[in-house]
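Hi everyone, thanks for coming. Please have the viewer open while I talk, and stop me whenever something is unclear.

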2 protein chains.
Amino acid sequence: MNVCWIDGRPADSLPVSDRGLHYGDGLFETLPVRDGRIPLLDAHLERLREGCGRLGFIATADEVLRGELRHAADGQARAVLKLMVTRGSGGRGYRPPDNPAPTRLLLRYPWPDHPASWQDHGVSLRVCTTRLGIHPELAGLKHLNRLEQVLARAEWGDSGEIQEGLMLDGEGAVVEGTMTNVFAVTPEGVLVTPDMNRAGVYGVMRRHILEQADKAGTPTRVRRLPFAELLGMRELFVCNSIIGVWPVVRLGEHRYEIGPVTRRAQGWAMQA
Amino acid sequence: MNVCWIDGRPADSLPVSDRGLHYGDGLFETLPVRDGRIPLLDAHLERLREGCGRLGFIATADEVLRGELRHAADGQARAVLKLMVTRGSGGRGYRPPDNPAPTRLLLRYPWPDHPASWQDHGVSLRVCTTRLGIHPELAGLKHLNRLEQVLARAEWGDSGEIQEGLMLDGEGAVVEGTMTNVFAVTPEGVLVTPDMNRAGVYGVMRRHILEQADKAGTPTRVRRLPFAELLGMRELFVCNSIIGVWPVVRLGEHRYEIGPVTRRAQGWAMQA
């Protein structure tokens, strides 16, 4: 991390009373910067605003967030911005304050140096043993309760054999990767991605790909996806706002070819 | 809050890179102080150490924590201590650092002023619509991912009609209160409390009550507890380290009498 702002001012520490720390009572967005520009910024801000609504507090005005994000992106060839919005400080106890004063933290990180070969030749996934809890109330939200992802990501090291972990819910349905959403292509050429009604995060890149597929006339289905079905799929890929699209060539011991729908999705991600 | 120490030194803010904030990657203990003394301190430290083990990092040595807790309790007639231990600072991404340097935050709060009548004449519970996700990997831990409790506690206000909320898992089994564990007494006089294999927190007061019941020859059962069974129970109470035991006289529209097992449990809590 090289820079951080809290509520618009340079800062490197947060009051210990913040509910983001005590309860994970907040949300975040991870945004790429390319040549000073933030792709899909509107979709990120929309998701954040909807998330605040579901958690029951009022998000900072879009204009304020947009101004601070643009300032942080300005002059950066490549960077990652992480915006966290918490319900702010509070006393002891879970009960949210009646009139919370949300805290916004904006952090700027260097661009991650993933090898280009992961885009070109694909990545290997493991199936995580850590499962995602079923939580209709929290499903879809990019909230700050991320211990499931921490435990899942701790299942493998950085030797380079595995690039991402696939996470299932407690009933064995595919939900997402530890840091990505998942798409599969059926033998009939339908682009399938798990619904997020019970677990998972509504990824901004996931949404973009679904929209672009619709525009391009590629049939899509958002639905429950039992793990066993993956083995009959023709293509598999993972995506997020930072990495774009990584084709999956290996899932455990199962192999996939990189197909035309995945390559098309990579194009959509690049054009965002 | 009146005082806070981070890693043993007075402090009021935390570095923004802390994984406690980013992911809720840590644990906490809430400890009462009575006349400078911390009841059940050993059990709190044991739970914390076990929790760190399950999350995969090494807890600060008990002697250090014990010394800091005693220092914070010293001279306090009545207070609440909250000890948080996080995996410390990290870069971007879920993967835990190979050699984490955990952060410990110790906060001292005033004693909460719950009316004595809640102890004497009992409390009313609502059944929360927010459900607890089923999570064998996280079950039992007092971790920092507490959005479920925040949403559940936001379901009712402070008008005084409701004192606590009962939380069920996604399958309708009773797990715990938003800030308490739950005990019921069967018509046969067996003290029953839900197991914590799939959701919930292993409360220190819960453990103390189970141990004291065993010593006193009161039969106990720790098991799955479907919600419907509660309506056939003879007594119901909730407990934690701060409040001790509150008899439950109302659960939704269902009424309970305060019975002898509950009164005995109140005695065990007082003697802790």
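What covers the buried residues of helix 8 of chain A? In this predicted model, the cover includes helix 4 (116–121) and helix 6 (204–216) of chain A, along with four strands of chain A: strand 10 (181–185), strand 11 (191–194), strand 13 (235–240) and strand 14 (244–251).

Now look at helix 8 itself, residues 260–270 of chain A. Its buried residues are Val261(A), Thr262(A), Ala265(A), Gln266(A), Trp268(A) and Ala269(A). These residues lie on the same side of helix 8 of chain A, because they cover an arc of only 160 degrees around the axis. If that pattern of numbers looks odd to you, here is a handy rule: an α-helix has 3.6 residues a turn, so residues three or four places apart point the same way. And which residues of helix 8 of chain A are exposed on the other side? Those are Pro260(A), Gly267(A) and Met270(A).

Let's zoom out to the domains. The domain assignment of chain A gives domain 1, residues 3–110, and domain 2, residues 116–270. Their centres, taken over C-alpha atoms, are separated by 25 Å. Domain 1 of chain A puts 17 residues into the contact, and domain 2 of chain A puts in eleven. On the domain 1 side, strand 4 (26–34), helix 2 (41–55) and strand 5 of chain A each give two or more residues. Strand 4 of chain A has the largest share there, with seven residues. By type, that side of domain 1 divides into eight nonpolar, six polar and three charged residues.

Next, bring in chain B. Here 42 residues of chain A are in contact with 42 residues of chain B. On the chain A side, the elements that supply at least two residues each are strand 3 (13–15), helix 1 (19–23), strand 5 (78–86), strand 6 (103–110) and helix 5 (147–153). Helix 5 of chain A gives the most, five residues. That side of chain A holds 21 nonpolar, 13 polar and eight charged residues.

There is strand pairing across the two chains as well. Strand 3 of chain A pairs with strand 3 of chain B in the antiparallel sense, over three bridges. If you want a spot to click on, Ser13(A) stands opposite Pro15(B).

Last point: how do the two chains relate? A rotation of 180 degrees, with 0.0 Å of shift along its axis, superposes chain A on chain B with an RMSD of 0.0 Å. That is the relation of a two-fold axis. Both copies use the same surface, as 100% of the contact residues of chain A recur in chain B.

How values were computed
Residues numbered from 1 in each chain as written. Chains lettered and ligands numbered in written order. Predicted model: local features only at pLDDT ≥ 70, side-chain atom pairs only at ≥ 80, totals over all residues. Contact = placed C-beta atoms within 7 Å. Nonpolar A, V, L, I, M, F, W, Y, C, P; charged D, E, K, R; others polar. Pairing = 2+ DSSP bridges. Least-squares fit on C-alpha atoms with pLDDT ≥ 70 in both. Domains from an automatic or database assignment. Buried ≥ 20, exposed ≤ 12 C-beta atoms within 10 Å, placed from the backbone. Arc of directions from axis to C-beta.
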